[in-house]
Amino acid sequence: MVTRGMRSLLRRPLVVLTGALTLAGAVLVGQPASAHPRPPAPRSPAHSSGYVALGDSYAAGEGLPPFEAGTGAAGGCHRSADQSYPALLGARGGHQFSAERSVACSGAVTYDIVATRPGSGLAPQVGALDARSTTVTLTIGGNDAGFSLILGDCVYSPDPDVQAALKGGGPGCADRDDQAVSTRIAALAGGTGAPTVSGIVPLPTLLAQIKTAAPRATVYLTGYPRLFGQRLTNAYGCQVSSAAPLFVASQDARWISDKAADLNSAIRRAAAHARAAGVDVRYVDVARSFRGHNLCDRRTPWVNGVVLTQAAPPTLAAASFHPTATGQRAYARSVLRAAHVRPGWWSHRLTPASS
């Protein structure tokens with residue numbers, strides 16, 4: 001039933017979103033042809049580091065400028081200069097995270113960690129490691145699982161003019177995308193009977209390559225937030241934009257949260273498998289830190305919803321569905337907890353507000 005409030009929402013003046021809205025900078029990149037690429041021999045990096053951060057846009061600090069020199073252009077890695085969790089750890093995390101160097105890159109998939117994806121021009125991230133590397137953080141798997149694509153498919157609008165400009169299919173993405181996402185998550189976990197998906201490097205294989213490149217390093221392998229809570233906006237679902245009537249239907253929001261939990265379970269299992277094979281790896285439970293602070297949750301979200309650019313017509317900014325600055329601090333705290341680092345005088349600077 002459409003209530004008076006819903007009719008008001010639909011009549012609200014909007015900037016007309018003409019043209020196709022895309023998840024700019026967050027779209028799952030094309031996969032290489034080889035399902036199990038042979039990683040190149042690790043190379044000596046130009047600048048060795050005790051702490052090296054690897055991973056995707058969640059590790060890069062997407063949406064939190066200023067970006068490191070050379071990474072801020074359209075399609076660049078978008079590494080936040082001082083607000084990503086690796087930068088926070090490097091500045092205030094103690095000796096385990098000293099001499100921080102991040103090679104995390106927005107859009108990265110598992111293949112990018114161990115090899116050069118055709119056309120990317122980026123060296124394998126593992127090339128930043130050597131025998132002097134003692135600490136590694138790694139956030140990877142969200143793009144391999146297809147989360148940027150499913151979010152683009154799930155966002156819809158009850159306003160027909162806005163919906164006409166959207167790429168996604170709207171409500172029902174859970175039914176449309178479940179099999180593909182589940183298969184990709186299983187391929188990431190690896191192990192006996194795991195499916196093979198082109199371009200996905202199983203996480204146990206990837207972790208073994210990290211150990212080869214940095215035999216002394218402790219690896220902190222993070223999970224992801226669950227993205228959605230249980231307090232939906234209204235009958236349309238979870239409103240994911242404050243600037244436009246953009247929603248994710250309630251059943252689809254629950255499904256995305258469940259798939260995020262499945263991805264985290266796969267990452268945790270991969271860490272356990274690699275640890276049994278001799279890799280010094282620790283799983284970092286980030287979802288616990290974000291509990292209550294997802295979209296449409298009990299408290300202020302630490303994850304952006306849809307962020308629109310100021311362009312005409314507006315498009316979905318790369319910051320969409322990425323951690324806020326407070327969310328990045330929550331990541332840093334999660335890693336410190338896993339590393340058993342005792343809080344110091346600086347700890348209050350990394351403690352997110354409880355609101």
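**Strands and salt bridges**

Let's start with a pair of strands: strand 4 and strand 7 (residues 247-248) run antiparallel, and two bridges hold them together. Keep in mind as you look around that this is a predicted model. If you want to pick out one spot where these strands meet, find Tyr 156, whose bridge partner in strand 7 is Phe 247.

Now zoom out a little. Strands 4 and 7 belong to an open sheet of three strands, ordered 4-7-6 and paired antiparallel. What stands at the edges of this sheet? That would be strand 4 (155-156) and strand 6 (238-239). Each of these two has a single partner strand, so one side of each has no neighbour in the sheet.

Next, let's turn to the charged side chains. The structure has eight salt bridges in total, and we'll walk through some of them.

Take Glu 68 and Arg 79, whose side chains meet in a salt bridge at 3.2 Å, N to O. Both residues sit in the loop between helix 2 (57-60) and helix 3 (85-92), eleven residues apart, and the pair links distant parts of the chain. Is each partner buried or exposed? Glu 68 has a relative accessible area of 27%, so it counts as partly exposed. Arg 79 comes in at 15%, which means it is buried, since the cut-off for buried is under 20%.

Another salt bridge joins Asp 130 to Arg 132, with the closest N and O atoms 2.9 Å apart. Here Asp 130 is buried, at 11% relative accessibility, while Arg 132 is exposed, at 54%. The exposed label fits because the cut-off for exposed is over 50%.

Our last stop is the salt bridge between Lys 259 and Asp 178, at 3.4 Å, N to O. Where do these two residues sit? Lys 259 is in helix 10 (residues 250-276) and Asp 178 is in helix 8 (residues 173-189). They are 81 residues apart, so to speak two far-off stretches of chain that the pair links. Lys 259 is buried, with just 8% relative accessibility, whereas Asp 178 is partly exposed, with a relative accessible area of 29%. There's a third residue to add here: salt bridges with shared partners tie Asp 178, Lys 259 and Asp 262 into one network.

Technical notes
Residues numbered from 1 in each chain as written. Predicted model: local features only at pLDDT ≥ 70, side-chain atom pairs only at ≥ 80, totals over all residues. Heavy atoms only, no water. Salt bridge = Lys/Arg side-chain N within 4 Å of Asp/Glu carboxyl O. Helix = DSSP H or I, 4+ residues; strand = E, 2+ residues; numbered from the N terminus. Buried < 20%, exposed > 50% of the residue type's maximum accessible area, 1.4 Å probe, protein only. Pairing = 2+ DSSP bridges.
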